[in-house]
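Hi,

Here is the structure I said I would pass on. Have a look at it first, and then read on for my notes.

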2 protein chains.
Amino acid sequence: MICETNDTIILSLDTSSKNCSISIAGENKIISEYNFISDNKLSSLLIPALEFVMKTAKLELRDIDVFGVGIGPGLFTGIRVGLSTLKGLIFGKKVPVIPVITFKAIAYKFYKVKSLLIPLIQAKRDEVYMAGYTFANGSLKEIIAPDLIHIKQLKTKLLNLNDFCFIGDGVDIYNNFLKDNFQNSKILNRSSFLATEMCRIAFQEYQNQNFILDPKKIKPFYLRKPDAETSFECSQDKNSRSPQ
Amino acid sequence: MICETNDTIILSLDTSSKNCSISIAGENKIISEYNFISDNKLSSLLIPALEFVMKTAKLELRDIDVFGVGIGPGLFTGIRVGLSTLKGLIFGKKVPVIPVITFKAIAYKFYKVKSLLIPLIQAKRDEVYMAGYTFANGSLKEIIAPDLIHIKQLKTKLLNLNDFCFIGDGVDIYNNFLKDNFQNSKILNRSSFLATEMCRIAFQEYQNQNFILDPKKIKPFYLRKPDAETSFECSQDKNSRSPQ
């Protein structure tokens with residue numbers, strides 16, 4: 001094992017977007033991280049990637065003290081594959097797991113920014129997943145609850161707020177829209193690979209005794225039902241569709 | 001190949017510190033990156049890591065159009081291992097290589113910061129490698145030439161300058177010193193893994209036709225001679241030592 005032996009070892013994985021990410025960290029440092037674009041090959045790439053990262057870090061599964069996992073919002077299939085893989089890894093064990101909402105991991109990339117952080121994640125049909133956070137004493141504080149909105153609703157959503165900073169992969173797609181509509185805001189983007197930030201969040205939550213031991217409780221964070229499920233519901237009862 | 005076939009594919013590797021880093025990128029996006037702490041196991045980890053990253057990106061060596069490599073300043077042995085590996089990869093081929101000074105890759109992590117960026121890299125004996133850059137129209141401009149100084153010389157070095165921002169792994173080690181001596185400066189730190197930034201720099205230099213085709217011209221960027229070499233010179237001629 002590369003880390004000091006009494007260090008808490010955290011492994012996080014995030015497959016909630018096509019930017020897949022695996023990270024292994026000690027309490028204060030990254031030991032190893034592997035980030036890749038999945039492009040529909042996630043299922044065949046994820047396990048070999050996990051094996052490789054752990055092997056080169058000279059770690060066995062039993063050396064991992066805490067797991068972090070991205071639960072979305074994001075790509076439905078990606079999230080399901082990630083959660084299923086994690087449940088496989090911890091099968092039969094009582095290991096602390098911290099489910100991490102994607103927005104929070106994005107916000108952690110900008111923990112020194114004093115503005116209100118607005119992570120935007122691209123959804124389909126000109127919609128975006130969004131939320132609002134600030135950092136207070138090193139911890140994230142939720143200012144706007146996670147939501148799925150049409151991009152044109154963003155202005156209404158941020159009414160009466162100022163000094164904000166758009167972050168996340170949505171800022172690339174809607175860059176012109178944001179510049180035109182929010183002249184005084186900041187737009188920042190960094191890598192969309194999130195497992196390293198999930199390790200940091202997981203360690204913090206672990207220290208606060210805020211974790212899950214029962215794999216059944218690890219659930220995706222959905223703001224919209226999968227297309228397939230919605231279609232199925234639609235065909236069952238066209239009047240009862242509620243898109244959340 | 002995961003990228004669009006007419007995309008320029010860049011592979012960069014950096015082993016100039018214990019934060020080893022391999023990245024493969026297209027013109028505008030990262031395809032795959034693998035970062036790990038070497039802890040004296042670099043030689044045995046680097047080739048398997050390269051193989052793994054390329055295999056999962058479904059790329060062969062012949063698919064790489066441009067190479068970037070970290071040439072220091074940093075760990076002498078790490079830099080030599082990195083350059084030797086790169087020379088092996090391009091053996092017998094005429095492929096563009098961009099040697100990247102470590103400072104520049106660190107500065108690229110902060111390309112939106114308007115202050116004068118001062119990357120600090122830890123050297124031994126309370127010394128730091130340092131330089132000064134600003135970003136102008138997306139390009140890096142050298143304000144202070146790379147140097148190796150005692151940490152206590154930093155104040156003299158930055159005399160008459162203001163609005164600067166310390167970056168790089170040196171800010172962790174000298175955090176208190178910097179806070180005490182430069183009250184109005186910013187201190188920022190992000191991941192010390194640099195290959196992804198080296199891909200960006202390499203692509204930019206490649207577009208500007210600023211690359212090397214002859215492997216013999218790929219040289220480490222040393223600001224201090226290796227200890228072994230200095231000792232050897234000392235024993236040969238004690239009066240002629242010039243630590244560059």
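Where in chain A is A:Pro73 found? Before you go hunting, keep in mind that this is a predicted model. The residue sits in the loop that runs between strand 4 (66-72) and helix 2 (76-89) of chain A. I started there since the backbone deserves a look: the peptide bond from A:Gly72 to A:Pro73 is cis, and its omega is near 10°. Chain B has a cis peptide bond too, joining B:Gly72 and B:Pro73, with omega at about 5°. On that side, B:Pro73 lies in the loop between strand 4 (66-72) and helix 2 (76-89) of chain B.

While you are checking the backbone, go to A:Lys58 as well. Its phi is near 55°, which is a positive value in a residue other than glycine. You will find A:Lys58 in the loop between helix 1 and strand 4 of chain A.

Now the interface. The size of an interface is often given as the accessible area lost when the parts come together. For chain A and chain B the buried area is about 2,300 Å², with carbon and sulfur atoms giving 56% of it. A:Glu33, A:Tyr34 and A:Phe52 are the chain A residues that lose the most area to chain B, and together they make up 25% of what that side buries. In terms of contacts, 27 residues come from chain A and 26 residues from chain B.

What holds polar groups across it? The rule finds 0 salt bridges across the interface of chain A and chain B, but 10 residue pairs are in polar contact there, counting pairs with both residues at pLDDT 80 or more. On the side of chain A that touches chain B, the elements giving two or more residues are strand 3 (30-37) and helix 1 (42-56). Strand 3 of chain A provides the largest share of that side, at 8 residues. Sorted by class, the chain A side has 15 nonpolar, 5 polar and 7 charged residues.

Over all chains, the structure holds 9 salt bridges. One to pull up is A:Lys186 with A:Asp163, where the closest N and O atoms are 3.8 Å apart. A:Lys186 lies in strand 10 (residues 186-187) of chain A and A:Asp163 in the loop between helix 4 (154-157) and strand 9 (164-167), so this pair ties together parts that are 23 residues apart in sequence.

Last, the cavities. Searching the whole structure turns up 2 cavities of 30 Å³ or more, and the largest has a volume of about 120 Å³. Its lining is made of 15 residues, and those nearest the centre are A:Ile106, A:Gly168, A:Asp169, A:Ser192 and A:Leu194. How does the lining of the largest cavity divide into nonpolar, polar and charged residues? The split is 5 nonpolar, 7 polar and 3 charged.

Cheers

Terms used. Residues numbered from 1 in each chain as written. Chains lettered and ligands numbered in written order. Predicted model: local features only at pLDDT ≥ 70, side-chain atom pairs only at ≥ 80, totals over all residues. Heavy atoms only, no water. 1 Å grid on protein atoms, 1.4 Å probe; cavity = no way out; pocket = protein on both sides within 12 Å on 5 of 7 lines; lining within 4 Å. Points joined across faces, edges and corners; volume = space filled by probe spheres on them. Nonpolar A, V, L, I, M, F, W, Y, C, P; charged D, E, K, R; others polar. Contact = heavy atoms within 4.5 Å. Buried area = accessible area lost by both parts, 1.4 Å probe. Salt bridge = Lys/Arg side-chain N within 4 Å of Asp/Glu carboxyl O. Polar contact = N/O pair within 3.5 Å; in protein donor to acceptor, adjacent residues only side chain to side chain. Helix = DSSP H or I, 4+ residues; strand = E, 2+ residues; numbered from the N terminus.
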